[in-house]
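Thank you all for coming; I would like to take a few minutes to walk through one model, going place by place rather than giving an overview. Please have the sequence and the structure open beside you.

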Amino acid sequence: MAGSLMATQRLLAFGEIMYRMSPPGRELLLQTPKLDLWVAGAEANVATALARLGHDVAFASRLPDNDLGRASISTLRGHGVDTRGIQLGGDRMGLYFVTSGAGMRATEVIYDRAHSAFAEAPAEAWDWDTLLDGVDRLHLSGITPALGPVPAESALAAVRAATARGVAISFDGNYRAKLWERWDSDPRTILTELVSHADLMFGNHLDIALLLDRTFSSNAEERRREAAEAAFAAFPKLQMIASTARHVEHVDLHRLSARIDARDRAAQTEEMELAGIVDRIGGGDAFAAGVLHALRRGDDLDTAAHTGLALTALKHSLPGDASIFRQADLDAYLQGGLDVRR
(Lines give C-alpha, C1' and ligand atoms only; values in the text may rest on other atoms or scores of the structure.)
Protein backbone atom coordinates (compact mmCIF):
# COMPACT_ATOMS: atom_id res chain seq x y z
CA MET A 1 0.00 0.00 0.00
CA ALA A 2 2.76 2.44 0.93
CA GLY A 3 4.53 1.90 -2.38
CA SER A 4 1.41 2.51 -4.46
CA LEU A 5 0.55 5.64 -2.48
CA MET A 6 4.00 7.09 -3.03
CA ALA A 7 3.85 6.20 -6.74
CA THR A 8 0.63 8.15 -7.33
CA GLN A 9 1.24 11.20 -5.14
CA ARG A 10 3.21 14.31 -6.07
CA LEU A 11 4.10 17.11 -3.68
CA LEU A 12 5.07 20.61 -4.80
CA ALA A 13 7.13 22.78 -2.46
CA PHE A 14 7.30 26.54 -3.02
CA GLY A 15 9.84 28.88 -1.47
CA GLU A 16 13.29 30.42 -1.62
CA ILE A 17 16.47 28.42 -2.08
CA MET A 18 19.43 30.01 -0.32
CA TYR A 19 23.01 29.37 0.58
CA ARG A 20 23.87 28.91 4.21
CA MET A 21 27.39 29.85 5.29
CA SER A 22 28.89 28.80 8.60
CA PRO A 23 32.35 28.98 10.15
CA PRO A 24 33.94 25.55 10.54
CA GLY A 25 33.35 23.66 13.77
CA ARG A 26 32.32 25.88 16.64
CA GLU A 27 34.29 28.95 15.56
CA LEU A 28 32.89 32.48 15.61
CA LEU A 29 31.98 34.03 12.28
CA LEU A 30 35.20 34.89 10.37
CA GLN A 31 37.36 33.88 13.33
CA THR A 32 39.40 32.30 10.56
CA PRO A 33 38.89 33.17 6.86
CA LYS A 34 36.83 30.06 6.08
CA LEU A 35 33.14 29.33 5.61
CA ASP A 36 31.35 26.04 4.99
CA LEU A 37 28.52 26.33 2.47
CA TRP A 38 25.27 24.38 2.09
CA VAL A 39 22.17 24.72 -0.07
CA ALA A 40 19.40 25.78 2.32
CA GLY A 41 15.86 27.04 2.73
CA ALA A 42 12.96 25.67 4.77
CA GLU A 43 10.88 24.39 1.86
CA ALA A 44 13.96 23.11 0.02
CA ASN A 45 14.90 21.15 3.14
CA VAL A 46 11.47 19.49 3.25
CA ALA A 47 11.58 18.72 -0.48
CA THR A 48 15.08 17.24 -0.19
CA ALA A 49 14.19 15.07 2.81
CA LEU A 50 11.04 13.71 1.16
CA ALA A 51 12.81 12.99 -2.13
CA ARG A 52 15.55 11.11 -0.26
CA LEU A 53 12.80 9.02 1.36
CA GLY A 54 11.43 8.04 -2.04
CA HIS A 55 8.62 10.53 -2.67
CA ASP A 56 7.77 12.29 -5.91
CA VAL A 57 8.62 15.92 -5.10
CA ALA A 58 8.81 19.02 -7.27
CA PHE A 59 10.06 22.47 -6.38
CA ALA A 60 9.04 25.95 -7.54
CA SER A 61 11.40 28.86 -6.98
CA ARG A 62 13.56 31.41 -8.77
CA LEU A 63 17.35 31.60 -8.83
CA PRO A 64 19.90 33.79 -10.61
CA ASP A 65 21.22 32.43 -13.89
CA ASN A 66 24.80 32.01 -12.73
CA ASP A 67 27.04 29.34 -11.22
CA LEU A 68 25.52 29.81 -7.75
CA GLY A 69 21.96 29.34 -8.93
CA ARG A 70 22.77 26.42 -11.21
CA ALA A 71 24.78 24.65 -8.51
CA SER A 72 21.77 24.87 -6.19
CA ILE A 73 19.56 23.31 -8.85
CA SER A 74 22.10 20.54 -9.39
CA THR A 75 22.19 19.83 -5.66
CA LEU A 76 18.40 19.48 -5.37
CA ARG A 77 18.22 17.44 -8.57
CA GLY A 78 20.95 15.18 -7.21
CA HIS A 79 18.77 14.40 -4.21
CA GLY A 80 15.87 13.45 -6.50
CA VAL A 81 13.84 16.68 -6.50
CA ASP A 82 12.14 17.66 -9.78
CA THR A 83 13.59 21.12 -10.44
CA ARG A 84 11.76 21.98 -13.67
CA GLY A 85 9.64 24.51 -11.75
CA ILE A 86 12.71 26.56 -10.78
CA GLN A 87 13.01 29.69 -12.93
CA LEU A 88 16.28 31.40 -13.79
CA GLY A 89 16.32 35.19 -13.39
CA GLY A 90 17.14 38.00 -11.00
CA ASP A 91 20.51 39.07 -9.74
CA ARG A 92 21.42 37.33 -6.51
CA MET A 93 21.01 34.37 -4.19
CA GLY A 94 19.57 34.82 -0.75
CA LEU A 95 22.18 34.09 1.91
CA TYR A 96 22.24 33.49 5.61
CA PHE A 97 25.05 32.98 8.06
CA VAL A 98 24.88 30.59 11.02
CA THR A 99 27.40 30.69 13.84
CA SER A 100 26.92 27.45 15.75
CA GLY A 101 26.73 27.74 19.50
CA ALA A 102 28.74 25.80 22.06
CA GLY A 103 28.18 25.11 25.72
CA MET A 104 26.20 28.07 27.05
CA ARG A 105 26.75 30.19 23.89
CA ALA A 106 23.65 30.20 21.67
CA THR A 107 23.61 29.73 17.91
CA GLU A 108 23.30 33.03 16.02
CA VAL A 109 21.74 33.73 12.60
CA ILE A 110 22.38 36.69 10.27
CA TYR A 111 20.14 37.10 7.19
CA ASP A 112 21.27 38.56 3.86
CA ARG A 113 18.16 37.98 1.76
CA ALA A 114 17.08 41.42 0.55
CA HIS A 115 16.57 41.78 -3.23
CA SER A 116 17.16 38.09 -3.90
CA ALA A 117 15.98 36.59 -7.19
CA PHE A 118 13.08 34.87 -5.42
CA ALA A 119 12.08 37.89 -3.31
CA GLU A 120 11.88 40.08 -6.40
CA ALA A 121 9.93 37.64 -8.58
CA PRO A 122 6.51 39.22 -9.31
CA ALA A 123 3.44 37.33 -8.17
CA GLU A 124 2.34 36.85 -11.79
CA ALA A 125 5.59 35.04 -12.59
CA TRP A 126 4.20 31.74 -11.34
CA ASP A 127 2.17 29.59 -13.74
CA TRP A 128 0.08 27.68 -11.23
CA ASP A 129 -1.80 25.71 -13.88
CA THR A 130 1.48 24.13 -14.95
CA LEU A 131 3.12 23.94 -11.52
CA LEU A 132 0.13 22.26 -9.85
CA ASP A 133 -0.60 19.83 -12.69
CA GLY A 134 -0.62 16.31 -11.22
CA VAL A 135 0.09 17.63 -7.70
CA ASP A 136 -1.94 16.42 -4.71
CA ARG A 137 -0.23 18.57 -2.03
CA LEU A 138 1.37 22.02 -1.91
CA HIS A 139 3.85 22.72 0.89
CA LEU A 140 4.98 26.20 1.86
CA SER A 141 5.91 28.16 4.97
CA GLY A 142 5.58 31.50 6.69
CA ILE A 143 9.09 32.45 5.61
CA THR A 144 8.03 33.32 2.05
CA PRO A 145 5.47 36.02 3.01
CA ALA A 146 7.92 37.39 5.58
CA LEU A 147 10.32 38.35 2.77
CA GLY A 148 8.20 41.29 1.62
CA PRO A 149 4.88 42.35 0.10
CA VAL A 150 5.53 40.77 -3.30
CA PRO A 151 6.55 37.32 -1.96
CA ALA A 152 3.57 37.57 0.40
CA GLU A 153 1.26 38.04 -2.58
CA SER A 154 2.96 35.11 -4.33
CA ALA A 155 2.32 32.87 -1.32
CA LEU A 156 -1.31 33.93 -1.19
CA ALA A 157 -1.69 33.32 -4.93
CA ALA A 158 -0.19 29.85 -4.46
CA VAL A 159 -2.66 28.75 -1.79
CA ARG A 160 -5.60 30.27 -3.63
CA ALA A 161 -4.63 28.42 -6.80
CA ALA A 162 -4.15 25.15 -4.93
CA THR A 163 -7.51 25.50 -3.19
CA ALA A 164 -9.26 26.24 -6.49
CA ARG A 165 -7.81 23.01 -7.91
CA GLY A 166 -8.61 20.84 -4.89
CA VAL A 167 -4.94 20.44 -3.93
CA ALA A 168 -4.27 19.86 -0.21
CA ILE A 169 -2.00 22.37 1.51
CA SER A 170 0.49 21.94 4.33
CA PHE A 171 1.79 25.10 5.95
CA ASP A 172 4.72 25.51 8.34
CA GLY A 173 4.41 28.65 10.46
CA ASN A 174 8.17 29.29 10.64
CA TYR A 175 7.67 32.76 12.14
CA ARG A 176 10.81 34.85 11.60
CA ALA A 177 10.48 38.18 13.41
CA LYS A 178 13.71 39.57 11.91
CA LEU A 179 12.27 39.20 8.41
CA TRP A 180 8.79 40.56 9.14
CA GLU A 181 10.26 43.60 10.92
CA ARG A 182 12.17 44.67 7.79
CA TRP A 183 9.05 45.98 6.09
CA ASP A 184 5.66 47.50 6.90
CA SER A 185 4.11 44.07 7.38
CA ASP A 186 0.92 42.70 8.88
CA PRO A 187 1.92 39.10 9.69
CA ARG A 188 -1.30 38.18 11.51
CA THR A 189 -3.54 39.05 8.56
CA ILE A 190 -1.32 37.41 5.95
CA LEU A 191 -0.61 34.24 7.96
CA THR A 192 -4.28 33.90 8.89
CA GLU A 193 -5.32 33.69 5.25
CA LEU A 194 -2.53 31.22 4.46
CA VAL A 195 -3.52 28.93 7.33
CA SER A 196 -7.19 29.19 6.35
CA HIS A 197 -6.36 27.22 3.17
CA ALA A 198 -4.37 24.47 4.91
CA ASP A 199 -5.49 21.06 6.12
CA LEU A 200 -2.14 20.43 7.88
CA MET A 201 -0.26 23.01 9.91
CA PHE A 202 3.17 22.72 11.46
CA GLY A 203 3.32 25.04 14.46
CA ASN A 204 2.88 25.27 18.21
CA HIS A 205 0.77 27.27 20.64
CA LEU A 206 2.89 30.39 20.00
CA ASP A 207 2.08 30.31 16.29
CA ILE A 208 -1.61 29.89 17.10
CA ALA A 209 -1.47 32.65 19.72
CA LEU A 210 -0.08 35.00 17.06
CA LEU A 211 -2.84 34.07 14.61
CA LEU A 212 -5.69 34.37 17.11
CA ASP A 213 -4.25 37.20 19.24
CA ARG A 214 -4.76 35.36 22.51
CA THR A 215 -2.85 33.44 25.16
CA PHE A 216 -3.29 29.87 26.38
CA SER A 217 -2.98 27.86 29.59
CA SER A 218 0.35 27.69 31.43
CA ASN A 219 0.23 23.88 31.68
CA ALA A 220 2.23 22.54 28.72
CA GLU A 221 0.05 19.63 27.59
CA GLU A 222 -3.25 21.40 28.29
CA ARG A 223 -1.93 24.49 26.50
CA ARG A 224 -1.13 22.55 23.35
CA ARG A 225 -4.56 20.95 23.17
CA GLU A 226 -6.32 24.20 24.06
CA ALA A 227 -4.42 25.99 21.29
CA ALA A 228 -5.19 23.23 18.80
CA GLU A 229 -8.90 23.31 19.57
CA ALA A 230 -8.94 27.09 19.19
CA ALA A 231 -7.22 26.77 15.81
CA PHE A 232 -9.67 24.09 14.66
CA ALA A 233 -12.56 26.36 15.63
CA ALA A 234 -11.07 29.31 13.75
CA PHE A 235 -10.01 27.42 10.61
CA PRO A 236 -12.66 24.98 9.31
CA LYS A 237 -10.36 23.36 6.72
CA LEU A 238 -7.63 22.56 9.23
CA GLN A 239 -7.52 18.87 10.18
CA MET A 240 -4.11 18.36 11.83
CA ILE A 241 -1.53 20.39 13.72
CA ALA A 242 1.95 18.91 14.18
CA SER A 243 4.47 20.35 16.61
CA THR A 244 7.53 19.66 18.70
CA ALA A 245 8.39 20.77 22.23
CA ARG A 246 12.05 21.45 22.95
CA HIS A 247 13.81 21.97 26.28
CA VAL A 248 17.38 23.23 25.93
CA GLU A 249 19.77 22.22 28.72
CA HIS A 250 22.75 23.57 26.79
CA VAL A 251 23.72 23.70 23.11
CA ASP A 252 24.74 20.04 23.00
CA LEU A 253 21.90 18.61 25.10
CA HIS A 254 18.21 19.06 24.31
CA ARG A 255 15.05 17.19 25.24
CA LEU A 256 12.52 16.88 22.47
CA SER A 257 9.02 15.46 22.02
CA ALA A 258 6.50 15.51 19.18
CA ARG A 259 2.76 15.82 18.98
CA ILE A 260 0.04 15.74 16.34
CA ASP A 261 -3.40 17.10 17.18
CA ALA A 262 -6.38 16.06 15.08
CA ARG A 263 -9.92 17.28 15.61
CA ASP A 264 -10.96 14.15 17.53
CA ARG A 265 -7.70 12.96 19.11
CA ALA A 266 -4.01 13.65 19.69
CA ALA A 267 -0.82 11.61 19.37
CA GLN A 268 1.95 12.46 21.81
CA THR A 269 5.45 10.95 21.96
CA GLU A 270 7.64 10.47 25.00
CA GLU A 271 10.33 13.09 25.52
CA MET A 272 13.69 11.98 24.17
CA GLU A 273 17.17 13.21 25.00
CA LEU A 274 19.35 14.54 22.19
CA ALA A 275 22.98 14.58 23.28
CA GLY A 276 26.08 15.45 21.27
CA ILE A 277 24.14 17.67 18.86
CA VAL A 278 26.03 18.44 15.67
CA ASP A 279 23.60 20.94 14.11
CA ARG A 280 20.02 21.80 15.11
CA ILE A 281 19.31 24.12 12.17
CA GLY A 282 16.82 22.43 9.85
CA GLY A 283 15.47 20.18 12.59
CA GLY A 284 11.96 21.59 12.24
CA ASP A 285 12.03 20.99 8.49
CA ALA A 286 13.12 17.40 9.09
CA PHE A 287 10.21 16.97 11.50
CA ALA A 288 7.77 18.30 8.91
CA ALA A 289 9.23 15.96 6.29
CA GLY A 290 9.01 12.98 8.64
CA VAL A 291 5.35 13.65 9.41
CA LEU A 292 4.51 14.15 5.73
CA HIS A 293 6.44 11.00 4.86
CA ALA A 294 4.40 8.90 7.27
CA LEU A 295 1.06 10.44 6.36
CA ARG A 296 1.72 9.98 2.64
CA ARG A 297 2.46 6.32 3.30
CA GLY A 298 -0.92 5.96 4.97
CA ASP A 299 0.43 5.64 8.53
CA ASP A 300 -1.63 6.59 11.58
CA LEU A 301 -1.11 9.67 13.78
CA ASP A 302 1.04 7.89 16.36
CA THR A 303 3.39 6.55 13.70
CA ALA A 304 3.53 9.95 12.01
CA ALA A 305 4.47 11.69 15.28
CA HIS A 306 7.21 9.13 16.01
CA THR A 307 8.50 9.27 12.44
CA GLY A 308 8.71 13.06 12.55
CA LEU A 309 10.57 12.90 15.85
CA ALA A 310 12.93 10.24 14.50
CA LEU A 311 13.87 12.23 11.41
CA THR A 312 14.47 15.42 13.36
CA ALA A 313 16.62 13.46 15.83
CA LEU A 314 18.70 12.14 12.94
CA LYS A 315 19.02 15.63 11.46
CA HIS A 316 20.61 16.85 14.70
CA SER A 317 23.50 14.48 13.94
CA LEU A 318 24.23 16.06 10.55
CA PRO A 319 25.88 19.38 9.61
CA GLY A 320 24.05 21.58 7.12
CA ASP A 321 20.39 22.40 6.67
CA ALA A 322 18.77 19.38 5.04
CA SER A 323 18.07 15.83 6.17
CA ILE A 324 19.52 13.53 3.51
CA PHE A 325 18.75 10.21 5.18
CA ARG A 326 17.25 7.25 3.34
CA GLN A 327 14.47 4.95 4.50
CA ALA A 328 17.06 2.38 5.67
CA ASP A 329 18.59 5.01 7.99
CA LEU A 330 15.18 5.85 9.41
CA ASP A 331 14.33 2.19 9.89
CA ALA A 332 17.62 1.54 11.67
CA TYR A 333 17.04 4.46 14.01
CA LEU A 334 13.46 3.41 14.80
CA GLN A 335 14.69 -0.11 15.56
CA GLY A 336 17.18 1.29 18.07
CA GLY A 337 20.35 0.17 16.36
CA LEU A 338 23.27 2.38 17.43
CA ASP A 339 26.04 -0.17 16.90
CA VAL A 340 28.20 -0.11 13.77
CA ARG A 341 26.19 -1.19 10.74
CA ARG A 342 28.33 -3.72 8.85
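I will begin with aspartate 213, which sits in the loop between H9 and H10. Before going further I should say that this is a predicted model, so please hear everything that follows as a description of that prediction. The phi angle of aspartate 213 is near 55 degrees, a positive value in a residue other than glycine, and the residue comes just after H9. Is aspartate 213 buried or exposed? Its relative accessibility is 56%, and because the cut-off for exposed is over 50%, aspartate 213 counts as exposed.

From that loop we can step back into the helices on either side. The axes of helix H9, residues 205–212, and helix H10, residues 220–234, come within 9 Å and cross at roughly 40 degrees. The two helices are therefore oblique to each other, since angles under 35 degrees would be needed for roughly parallel, and the crossing of H9 and H10 is left-handed. On the H9 side the contact is made by His205, Ile208 and Leu212, while H10 contributes Arg223, Ala227, Ala228, Ala230, Ala231 and Ala234. Sorted by class, this contact holds seven nonpolar residues, one polar residue and one charged residue.

Staying with H9, which of its residues are buried? They are His205, Asp207, Ile208, Ala209 and Leu211, and what covers them includes helix H8 (187–196), strand E10 (200–202), H10 and strand E11 (240–250). At the start of H9, a side-chain oxygen of asparagine 204 reaches to within 2.9 Å of the backbone nitrogen of leucine 206.

The second helix pair is H2, residues 42–52, with H11, residues 283–296, whose axes come within 8 Å and cross at roughly 45 degrees. H2 and H11 are therefore oblique to each other, and H2 passes H11 in a right-handed crossing. The residues that make this contact are Ala42, Asn45, Val46, Ala49 and Leu50 from H2, together with Asp285, Ala288, Ala289, Leu292 and His293 from H11. By class, seven of the residues in this contact are nonpolar, two are polar and one is charged.

Two of the residues just named, Val46 and Leu292, appear again among the contacts of histidine 139, which lies in strand E8, residues 137–141. With a relative accessible area of 1%, histidine 139 is buried. Leaving out residues up to four places away in sequence, histidine 139 touches Leu11, Leu12, Ala13, Phe14, Glu43, Val46, Ser170, Asp172, Phe202 and Leu292.

Another buried position is valine 159, again with a relative accessible area of 1%, and it is found in helix H6, residues 149–164. Beyond its neighbours within four places in sequence, valine 159 is in contact with Leu138, Leu140, Ile169, Leu194 and His197. The C-alpha atoms of valine 159 and tryptophan 128 are separated by 9.9 Å, with the two positions 31 residues apart along the chain numbering.

Next comes the loop between E7 and H4, where I would like to look at arginine 113 and aspartate 127. Arginine 113 has a relative accessibility of 8% and therefore counts as buried, the cut-off for that class being under 20%. Its side chain makes a polar contact of 2.8 Å with the side chain of glutamate 16. Glu16 also belongs to the list of residues that arginine 113 touches outside four places in sequence, a list that continues with Met18, Arg92, Gly94, Leu95, Ala119, Ile143, Leu147 and Leu179.

Aspartate 127, by contrast, counts as partly exposed at 42% relative accessibility. A polar contact of 2.7 Å joins the side chains of aspartate 127 and threonine 130. Measuring aside, the model places aspartate 127 and serine 218 at 45 Å from C-alpha to C-alpha, and they are 91 residues apart in sequence.

I will finish with leucine 30, in the loop between strand E2 (18–22) and strand E3 (36–40). Its phi is near 60 degrees, a positive value in a residue other than glycine, and at 58% relative accessibility leucine 30 counts as exposed.

Terms used. Residues numbered from 1 in each chain as written. Predicted model: local features only at pLDDT ≥ 70, side-chain atom pairs only at ≥ 80, totals over all residues. Heavy atoms only, no water. Helix = DSSP H or I, 4+ residues; strand = E, 2+ residues; numbered from the N terminus. Buried < 20%, exposed > 50% of the residue type's maximum accessible area, 1.4 Å probe, protein only. Contact = heavy atoms within 4.5 Å. Axes fitted to C-alpha atoms, helices over the stretch in contact; angles between N-to-C directions. Parallel < 35°, antiparallel > 145°, perpendicular 65-115°, else oblique. Left-handed = near helix turned anticlockwise from the far one by under 90°. Nonpolar A, V, L, I, M, F, W, Y, C, P; charged D, E, K, R; others polar. Polar contact = N/O pair within 3.5 Å; in protein donor to acceptor, adjacent residues only side chain to side chain.
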